[in-house]
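Hi there,

I am handing over the structure we talked about, and my notes on it follow below. Could you have a look at it when you get a moment?

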Amino acid sequence: MSYLRAVLKNDTALEISHLKKIISLGKQLNINTSKYENELLKLTKKQQDKKTLPEIKPKKQEPKPQIASIESSKYTIEKVYTKDNMIIIDFYHQVSKNHIDYEIEKTKYANYYLFNLKGSFKDAEPTKLELTNINRIYVIQKQTNLLQIKVKNKNSLKPIYIINNKRIIIKFPTIQNTTNNIVNKTTTTTSKTTSKNVPKDIVLSINKYKKKIVVIDAGHGGKDAGAVGPGDKYEKTVVLSIGKYLYNILKQKGYEVYITRNNDRFIKVKNRTVLANNKNADIFLSIHANSVPKSKAHTIHGIETFFLSPARSERAKRVAAKENQSDIRTMSDATQESFLMVLNQSKITASNKLAIDVQQNMLYSLQKKYKDVVDGGVREGPFWVLVGAQMPSILIEVGYISHPKESKRLYNRYYQELLAKGIANGIDSYFLKNP
């Protein structure tokens, strides 16, 4: 008897169609196919069960929200809005006084108060701001990284700005119309009504930001030319011009301002603080220009701000010696230190704060146009012109008149105005933090 044996080998599971062919072929050849028939039954049942079950679709994974990092975003300002009659600018990052610059443009018909903010805001154009008793407010993205808030008003305003963490607040506390209207209405209603009826926030803002008195000293003058730069450029001329610009800017801001000289005349050093003391000034500033010998004239330049204290560096001693030349006083270094410490110890801290604010704002004002301006820093020095001041006082070295390039700038009117604006903004900043 002959037998035929069929062997089927497959590495993967057989499908129903394959099994049916095997069974059919096996019957034709008279081969036992029960094993394959059982397998076919299992597969058929499994397939039928699968059809009766509801189809479960895999859940689509929703894409995770992408959070753009602040650093990678091209916008640095989150929002600009008004609240409690203030303009508020919220940033995505920490801000400092370097993030805002303020100036005034006056025309025949209106005053424009310009707040230039270092940053970009995507909704600048559609943002509309309104404040009580303010004619109009514009929000303009002037450049990629410069947002301008332009406040138009017919009446003169005295705005202030406050820097707090990631926020800048612009206030107009000297708007008198609102306060006067409230007082007038209440007094006409009843004779018993007093200023207590005025909202506290208005009263506090008026009292807190009272008028400040500033005395400016334009160094040297008359027979004392001060330092002399290339082309017979005199320190006394430069500092007088800057002092006058500063005087006018502070006047526009609402300060009560005095200047020790407004022409080319000599004033003794010991008499320069007399005006400040007689006027009960809040601060005293003496403006000077620095210099070094010709051998170093091409290499040393920059702006510095000094406050009265015993000098701790040879550089500070050198600058002080130069500025003290017109004042004839002979004291040993030890005697000078003891005298200065006793005389002005209570004002050293306040003068240091004032010097820091003025130095930073001068740099910010100048470096927007002149990127190579050098920061000489804030230093201590025994300057006799500051000794008699009974208030925080500083001496500003606006640059080196001995340096060929810086000397030309110091005689440039635009450069002088930028210096004066920077000093004025520094004064604003100081009084905001030290009302």
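S393 sits in strand β16, which covers residues 393–400. Please keep in mind throughout that this is a predicted model. With a relative accessible area of 2%, S393 is buried. Leaving aside residues up to four places away in sequence, S393 touches F284, F307, L308, S351 and L386.

Next, some strand pairing. Strand β6 (residues 146–153) runs antiparallel to strand β4 (residues 111–118), and eight bridges join the two. One of the pairs is N111 with its bridge partner N153 in β6. Strand β5 (residues 136–143) is also antiparallel to β6, with seven bridges between them. There, Y138 stands opposite K150 in β6. How many residues lie between β5 and β6 in their hairpin? There are two.

Now for the charged pairs, which you may enjoy most. Side chains of opposite charge can pair when their charged atoms come close. The structure holds eleven salt bridges, and here are some of them.

K368 forms a salt bridge with D101, and their closest N and O atoms are 2.2 Å apart. K368 lies in the loop between α8 (333–367) and β15 (375–381), while D101 is in strand β3 (residues 100–106), so this pair ties together parts that are 267 residues apart in sequence. Is each partner buried or partly exposed? K368 is partly exposed because its relative accessible area is 42%, whereas D101 counts as buried because its relative accessibility is 7%, under the 20% cut-off.

Strand β3 has a second link of this kind: K421 forms a salt bridge with E103, the closest N and O atoms being 3.1 Å apart. Since K421 belongs to helix α11 (residues 413–433) and E103 to strand β3, the pair ties together parts that are 318 residues apart in sequence. K421 counts as partly exposed at 27% relative accessibility, and E103 counts as partly exposed at 21%.

Helix α11 comes up again with D428, whose side chain meets that of K253 in a salt bridge (2.6 Å, N to O). D428 lies in helix α11 and K253 in helix α5 (residues 235–253), so the pair ties together parts that are 175 residues apart in sequence. Both D428 and K253 are buried. Finally, K97, D357 and K433 are joined into one network by salt bridges that share partners.

Happy to talk it through whenever suits you.

Best wishes

Terms used. Residues are numbered from 1 along each chain as its sequence is written. This is a predicted model: local features need pLDDT of at least 70, side-chain atom pairs count only at pLDDT 80 or more; totals for chains, interfaces and linings use all residues. Side-chain values use heavy atoms; hydrogens and water are left out. Helices (H or I, at least four residues) and strands (E, at least two) are DSSP runs, numbered from the N terminus. Buried means under 20% relative accessible area, exposed over 50%, partly exposed in between (1.4 Å probe, protein chains only). Contact means heavy atoms within 4.5 Å. Two strands pair if DSSP finds at least two bridges between them. A salt bridge is a side-chain nitrogen of Lys or Arg within 4 Å of a carboxyl oxygen of Asp or Glu.
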